[in-house]
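Student: I would like to go through the terms used for this model and see what each one rests on.

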Amino acid sequence: MIQFQALAQTYGTPLYVYDFDAMKEQFESLKEAFRGRKSILAYAVKANSNLSVIKHFAQLGSGADCVSIGEVRRALMAGVPKYRILFSGVGKRDDEIREAIQSDILYINLESEGELSRVEAIAKELGVKARISIRVNPNIDPQTHPYISTGLHDNKFGVEIDAAKRMYIHAKNSDNLDAVGIHFHIGSQLTQLEPIYEAAVIVADLLRSLQAIDIELKFFDIGGGLGVRYNDETTITPYDYAQAILGALKGIDVTIICEPGRFLTANAGYFLTKVLYEKQNGAKRFVVVDGAMNDLIRPSLYNAYHRIEAVGKTSEATPVDVVGPVCESGDFLAKNYPLPAMEHNDLLVVHSAGAYGFGMGSNYNTRGRSAEIAVENGEARIIRARETFEDLIALEREYL
Ligand code: LLP
C-alpha cells in the first residue's frame with residue numbers, strides 16, 4: 001500500500017506518484033504474452049516521459065517508441081539501446097530526421113510519400129542508407145474516443161495500402177533507403193480486440209504481397225493502444241492480444257514490435273491533490289482543490305473518467321464537481337462525482353494518472369508543474385522536482 005498521506009506531507013501537493021513495481025508487473029505480463037516469439041516491447045515515451053520512468057523500462061529490456069527528436073534523446077539518455085529505438089510521428093523536421101539517422105536508431109517510421117523523399121535526400125547527403133518502416137493506415141474504426149482514434153482515412157496518420165506499396169518499391173530501388181519494417185497503430189485506449197485483429201490481418205496481407213515481389217521486412221510493428229480499466233471497462237488481456245496478432249501473422253517469420261504506453265503506466269500512477277474549499281452555488285456543490293487542468297488535462301480534454309479516492313473519509317457521498325484554481329469553466333477533475341463532505345487540507349487521490357498525466361501538463365496561469373515521485377520496494381524518491389516560479393520565467397527576456 002502506498003502511503004499517500006505521508007507522501008503528500010513530505011513532498012506537498014499537487015503531486016504525481018508512480019508505483020514502479022506496478023509498472024514492472026505490467027511490462028512483464030505483456031512480455032510474457034509474446035514469449036517464444038521474437039518480439040520487442042518499445043515503450044511509448046509520450047505516455048510518461050520522465051527519464052527515470054524510461055530508465056526503469058530500459059532496465060527491464062524495453063525499447064522506446066519516440067515521437068520527436070527530444071524523445072529520442074530522452075530514450076538514449078535513459079539507457080535504451082539505439083537498436084531498440086523507433087522514431088514515429090506525422091511531421092518530422094529535417095533536423096530531426098538528420099539527427100535520427102546519425103543516432104543510428106532501429107528505424108524511422110514514415111507517414112507520407114513526402115517524408116520518404118526527405119529521408120532519402122537527407123540520407124544521401126549523409127552518405128548512408130536510412131533504415132525505415134512505413135505506417136499503414138488500414139482504415140479501421142478502433143471504437144475509441146475520436147481524439148485518440150488514428151486508423152481511419154479521416155485521421156492524419158499513415159498512408160493507404162497502395163501508397164505504402166509504391167513507397168516500398170521506391171525504397172527497394174534506392175541507394176539510401178533500407179526498408180526493414182511495417183507499422184500500424186489504429187488508436188489508443190482500445191478495449192475491443194476485433195479492430196486490432198482486422199488491422200493486423202490487412203497489414204499482414206500487405207506484408208505477404210510484398211514478400212511475393214521480393215521485399216522482405218524484418219519487423220511487424222503493431223503500435224500501442226492496449227486499453228486499461230479507468231472505471232468498469234472490460235479490457236483485452238495481453239494473452240488474447242498476442243494470440244490475435246500471432247493469428248494474423250501465421251506463417252510469417254518476423255519480429256513483432258509493440259509500442260505500449262498507457263498499458264504500462266496508467267494504473268501505476270496517482271495524482272495527489274488537496275482540498276482548498278467546499279462551496280455551494282445554488283443547488284450545485286463544488287470541491288475546489290489545488291490540482292488543476294494544467295496538471296491533469298484528460299478530464300477537460302476527453303471528458304475522461306478518473307476514479308477519485310477521498311483518503312480517510314467515510315461519511316455519506318453526494319455528487320460534486322471537483323474543480324481546480326485555473327480560470328476556465330473547463331477546469332475540472334471530475335463532474336457529479338460522489339464524494340463525502342470535504343474540509344480544508346483533506347487529501348484526494350486521483351487514480352490511473354500515470355499515462356498522459358504529467359506529460360500533457362502545462363504552465364497555464366503561471367502554475368509550476370508538480371513534483372514526480374517514484375515508489376519502489378516500499379521506498380519513495382523524487383524523480384522530478386516541483387517547478388518554481390524562477391523555472392517558469394527563466395527563458396523570458398526584456399522584462400527589465
Ligand atoms: N504508438 C503510436 C504510433 C502512438 O501514436 C501511440 C499513442 C502509442 C504507440 C501509444 O499508445 P498507448 O499504448 O498509450 O495507447 N493523450 C491521449 C492518448 C494519445 C495517444 C497518442 N498515441 C489520452 O490521454 O488518452
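Student: What makes the pair formed by R298 and the ligand a polar contact?

Tutor: A polar side-chain atom of R298 lies 2.6 Å from an oxygen atom of the ligand. A polar contact is a pair of N or O atoms within 3.5 Å, so the pair qualifies. The ligand alone exposes 590 Å², of which the protein buries 92% (accessible areas by the Shrake-Rupley method with a 1.4 Å probe). This is a predicted model, in which local features need pLDDT of at least 70, side-chain atom pairs count only at pLDDT 80 or more, and totals for chains, interfaces and linings use all residues. Residues are numbered from 1 along each chain as its sequence is written, and side-chain values use heavy atoms, without hydrogens and water.

Student: Which other atoms of the ligand meet that cut-off, one at E259 and one at G225?

Tutor: A ligand nitrogen is 2.6 Å from an N or O atom in the side chain of E259. At G225, a polar backbone atom is 2.8 Å from a ligand oxygen.

Student: Why is the ligand said to lie between domain 1 and domain 2?

Tutor: Domain 1 (4–15 + 267–399) and domain 2 (34–260) both give residues to the shell around the ligand, so the ligand lies between them. The bounds come from an automatic or database domain assignment. The C-alpha centres of the two domains are 33 Å apart. Their contact (heavy atoms within 4.5 Å) takes 15 residues from domain 1 and 15 residues from domain 2.

Definitions and conventions: Polar contact = N/O pair within 3.5 Å; in protein donor to acceptor, adjacent residues only side chain to side chain.
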